[in-house]
Amino acid sequence: MVPSGSARVVAKLESANPTGSMKDRVARAMVERAAADGKLAPGGTVVEYTAGTTGVSLALICAARGYKAHFVFSDAFSDEKRRTMRAYGAQLTDVASDNGRITEQLIKGMIAKAAEISRRPGHWYCDQLNNRDGEAGYQPLGEEMWEQTGGRVDAFVQAVGTAHSIHGAAHALRLHNADVHITAVEPAESAVLLGNPSGSHKIEGIGIGFVPPLWRRNEVNEIIPVPTEEAKAMARRLAREEAIFAGTSTGANVVAALRVAKRLGPGATVGTIVVDSGLRYLSTDVFQT
């Protein structure tokens, strides 16, 4: 898929993790830190608002470590995620969306509901957007990318949800290459990192409609907005042309990575992430064309 004359493009297959996404890393990091600090008691309940991917990963960790799980979800996200969280034993509370659209109002409504539930006895609020322990979970990802590319990453491209993954992986890459170019990706319909108005889109897991609290603009070189339809089309291309079955946030990553690769040209290496598996999106319109 990489055009002639472009840089080498590599993609870390995070879909190979236990639940099929990169979020296994952050879920483990946050839960283990909370348990070590005494915030999460043995047998306690983990509470979180989620578009599903982090929820699935937290549900896995809870099942493995003997915790209960209570997550706030919405009909705006795929049914596969809902069923998987329940399969791991999670309890779900829904916040209705506006015709399946992902908006700032929806995300903030989910956050408020999770905060309310977390006030119950024996409940620990993960609060991923404000949880600084999550970033450490992605530092090994950056280290692995450096090693597995043969020690050559000139640019790193990653979509922004909480901002944990872009900052964590970039931190590790900078230890090897202080000049690595960091590109953030967000939905074009809600490009708030660029200072544009909040809008609605359908790229699950990113573009929360407001600037995430842990976002650090000074650590990012550029921001590339990608329209939902381009992200969906790229997800389909990845499956058909590269045998990489992934979701729409991965599609957005690859759209942006190809732009960066074209600009850098031969001799450079651009790294990005296959965020999760396309198996989570079979009920959506991404793979129904």
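How many bridges join β2 to β3? In this predicted model, β2 and β3 run parallel and are joined by 5 bridges. One position of this pairing is Glu 48, whose bridge partner in β3 is Phe 71. Strand β3 comprises residues 68-73 and is mostly covered, as 5 of its 6 residues are buried. On another side of the pairing scheme, strand β2 (residues 45-49) is connected to β5 by 3 bridges, again in the parallel sense. Here Val 46 stands opposite Trp 124 of β5.

These strands belong to an open sheet of 4 strands, arranged in the order β4-β3-β2-β5 with parallel pairing. The edges are occupied by β4 (91-94) and β5 (123-125); each has a single partner strand, so one side of each is left without a neighbour in the sheet. On average, neighbouring strands of this sheet are turned by 25° against each other, direction ignored.

A further open sheet is formed by 5 strands in the order β1-β9-β6-β7-β8, and its pairing is parallel. Its edge strands are β1 (8-13) and β8 (222-226), each of which has a single partner strand, so one side of each lacks a neighbour in the sheet. The average turn between neighbouring strands of this sheet, direction ignored, is 25°. Within the sheet, β6 (residues 155-159) pairs with β9 in the parallel sense over 2 bridges, and Ala 155 has Val 270 of β9 as its bridge partner.

Strand β9 also contains Thr 272. This residue counts as buried, because its relative accessibility is 1% and the limit for burial is under 20%. When residues up to four places away in sequence are not counted, Thr 272 touches Val 10, Ala 11, Lys 12, Met 145, Phe 156, Val 157, Asn 253 and Ala 257. The C-alpha atom of Thr 272 is separated by 16 Å from that of Asp 179, which is 93 residues away along the chain.

Another buried threonine, Thr 250, has a relative accessible area of 0% and is found in helix α8 (residues 248-264). Apart from neighbours within four places in sequence, the contacts of Thr 250 are Leu 238, Ile 273, Val 274, Val 275 and Asp 276.

The structure holds 22 salt bridges. In one of them, the side chains of Lys 12 and Glu 144 meet at 3.0 Å, N to O. Lys 12 lies in strand β1 and Glu 144 in helix α5 (residues 139-148), so this pair ties together parts that are 132 residues apart in sequence. Lys 12 is buried, at 13% relative accessible area, whereas Glu 144 is partly exposed, at 23%. Both residues take part in a network of salt bridges that also links Glu 14 and Arg 25.

Other salt bridges lie within helices. Arg 82 and Asp 79 form one with closest N and O atoms 3.6 Å apart; both lie in helix α3 (residues 79-87), 3 residues apart, or about one turn of the helix. Arg 82 counts as buried at 12% relative accessibility, and Asp 79 as partly exposed at 29%. In helix α4 (residues 104-118), Glu 116 and Lys 113 are 3 residues apart and therefore separated by about one helical turn. Their side chains meet in a salt bridge of 3.6 Å, N to O. Glu 116 is partly exposed at 40% relative accessibility, and Lys 113 is partly exposed at 27%.

On the surface, Phe 245, Leu 279 and Leu 282 form a nonpolar patch with about 270 Å² of accessible area together. Of these residues, Leu 279 lies in the segment after β9 (269-274) and is exposed, with a relative accessible area of 53%.

Key:
Residues numbered from 1 in each chain as written. Predicted model: local features only at pLDDT ≥ 70, side-chain atom pairs only at ≥ 80, totals over all residues. Heavy atoms only, no water. Patch = residues over 30% accessible without salt bridge, like charges linked within 9 Å, V, L, I, M, F, W, Y side chains within 5 Å. Areas by Shrake-Rupley, 256 points an atom, 1.4 Å probe, with all protein chains shown as cover. Salt bridge = Lys/Arg side-chain N within 4 Å of Asp/Glu carboxyl O. Buried < 20%, exposed > 50% of the residue type's maximum accessible area, 1.4 Å probe, protein only. Pairing = 2+ DSSP bridges. Axes fitted to C-alpha atoms, helices over the stretch in contact; angles between N-to-C directions. Contact = heavy atoms within 4.5 Å.
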